[in-house]
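Work through the exercises below with the sequence and the 3D view side by side. Try each task before reading its solution.

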Amino acid sequence: MSRLDSFIRRLEAQRACLGRAAELVRGVDGVVLELGLGNGRTYDHLREVFPDREIYVCERQVAAHPDCIPPADRLLLGDMFDTLPAARFLTGRVALAHFDAGTGDAAANLDLAAGLRPLIVPLLCPGGILATQQAMDGADLIPMPLPEGVAEGRYHLYRRA
Ligand SMILES: C[S@@+](CC[C@H](N)C(=O)[O-])C[C@H]1O[C@@H](n2cnc3c(N)ncnc32)[C@H](O)[C@@H]1O
């Protein structure tokens with residue numbers, strides 16, 4: 001598969017999984033948390049999918065498209081290893097967390113996901129959903145089926161136990 005095909009499939013899988021996540025949290029009260037603003041693509045999509053929910057965003061350094069910059073009071077600016085433990089107001093209040101903080105380095109992505117996992121899970125409300133490209137298996141997260149057409153392992157959806 002060419003790198004272009006792989007890139008397209010990754011984004012299609014991401015969009016499909018965010019759509020499925022939206023269905024899964026339909027009956028779950030809570031805010032949305034975007035972990036990794038980047039250029040703001042998925043943040044913008046989440047704004048469309050969740051027009052009535054507060055969306056908080058973690059980002060080390062904002063460099064997003066100007067239309068996709070979150071309001072200052074919804075931005076957790078800085079390294080997530082610092083900002084997530086400080087964001088006590090989010091504990092147990094997140095209905096959907098979307099983790100998209102990786103780079104092209106697969107091993108580093110796995111390390112980052114493993115390091116941040118214990119900081120992300122307590123923010124999820126019971127029944128809350130975590131959507132992530134990196135696996136974050138564990139007893140407190142129940143894997144959910146992926147949407148049709150998304151290859152196993154390409155993305156991950158979990159419900160907090
Ligand atoms: C792949 S990009 C996000 C792409 C974005 N979701 C989009 O669709 O445009 C990953 C982002 O995560 C941020 N990031 C990575 N590690 C971080 C950390 N430890 N704390 C805060 N931000 C981090 C990077 O600065 C980068 O902007």
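The exercises that follow go from strands to single residues and then to charged pairs. Keep in mind that this is a predicted model.

**Exercise 1. Strand β5 and its partners**

Task: Find which strands pair with β5, and say in which sense each one runs.

Solution.
Step 1. Locate β5 at residues 124-132. Eight of its nine residues are buried, so the strand is mostly covered.
Step 2. Look for the parallel partner. Strand β4, residues 94-99, pairs with β5 in the parallel sense. Five bridges join the two.
Step 3. Look for the antiparallel partner. Strand β7, residues 156-160, runs antiparallel to β5. Four bridges hold this pairing.
Step 4. Pick out I129 in β5. L96 has I129 as its bridge partner. I129 also stands opposite R159 in β7.

**Exercise 2. The crossover**

Task: Which handedness does the β-α-β unit of β4, α4 and β5 have?

Solution.
Step 1. Start at β4, residues 94-99.
Step 2. Follow the chain through the loop between β4 and α4, where A101 lies.
Step 3. Pass along helix α4, residues 106-120, and on to β5.
Step 4. Judge the turn with the strands pointing away from you: a clockwise path counts as right-handed. The unit made by β4, α4 and β5 is right-handed.

**Exercise 3. A residue in the loop**

Task: Is A101 buried or partly exposed, and which residues does it contact?

Solution.
Step 1. Read the relative accessible area of A101, which is 22%.
Step 2. Compare it with the cut-off: buried means under 20%. A101 is therefore partly exposed.
Step 3. List the contacts, leaving aside neighbours within four places in sequence. A101 is in contact with L35, M80 and L112.
Step 4. Check a residue further along the chain. P147 is 46 residues from A101 in sequence. Their C-alpha atoms are 22 Å apart.

**Exercise 4. Two helix residues**

Task: Place T83 and Y43 in their helices, then decide whether each is buried or exposed.

Solution.
Step 1. Put T83 in helix α3, residues 80-86. Put Y43 in helix α2, residues 41-49.
Step 2. Read the relative accessibility of T83: 13%. T83 counts as buried because the limit is under 20%.
Step 3. Do likewise for Y43. Its relative accessible area is 3%, so Y43 is buried.
Step 4. Look at the contacts, not counting residues up to four places away in sequence. T83 touches C58, L76, L77 and G78. Y43 has contacts that include E34, L37, I55 and V57. C68, I69, P70 and P71 are also in contact with Y43.
Step 5. Take one distance. Y43 and Y56 are 13 residues apart along the chain, and their C-alpha atoms are separated by 9.3 Å.

**Exercise 5. Charged pairs**

Task: How many salt bridges does the structure hold? Examine three of them.

Solution.
Step 1. Note the total: five salt bridges. Side chains of opposite charge can pair when their charged atoms come close.
Step 2. Take D44 and R47, whose side chains meet at 2.8 Å, N to O. Both residues lie in helix α2, three residues apart, about one turn of the helix. D44 is partly exposed at 30%, and R47 is partly exposed at 29%.
Step 3. Take R93 and E54, with the closest N and O atoms 3.8 Å apart. This pair links distant parts of the chain, 39 residues apart. R93 sits in the loop between α3 and β4, and E54 in the loop between α2 and β2.
Step 4. Take D79 and R60, which meet at 3.8 Å, N to O. D79 is in the loop between β3 and α3, and R60 in the loop between β2 and β3. They are 19 residues apart.
Step 5. Sort this last pair by exposure. D79 is partly exposed at 28%. R60 counts as exposed at 62%, because the limit for exposed is over 50%.

**Exercise 6. A nonpolar patch**

Task: Which residues make the nonpolar surface patch of about 280 Å²?

Solution.
Step 1. Find L4, F7 and I8, which make the patch.
Step 2. Place F7 in helix α1, residues 3-24.
Step 3. Read its relative accessible area, 39%: F7 is partly exposed.

Key
Residues numbered from 1 in each chain as written. Predicted model: local features only at pLDDT ≥ 70, side-chain atom pairs only at ≥ 80, totals over all residues. Heavy atoms only, no water. Patch = residues over 30% accessible without salt bridge, like charges linked within 9 Å, V, L, I, M, F, W, Y side chains within 5 Å. Areas by Shrake-Rupley, 256 points an atom, 1.4 Å probe, with all protein chains shown as cover. Salt bridge = Lys/Arg side-chain N within 4 Å of Asp/Glu carboxyl O. Buried < 20%, exposed > 50% of the residue type's maximum accessible area, 1.4 Å probe, protein only. Pairing = 2+ DSSP bridges. Contact = heavy atoms within 4.5 Å.
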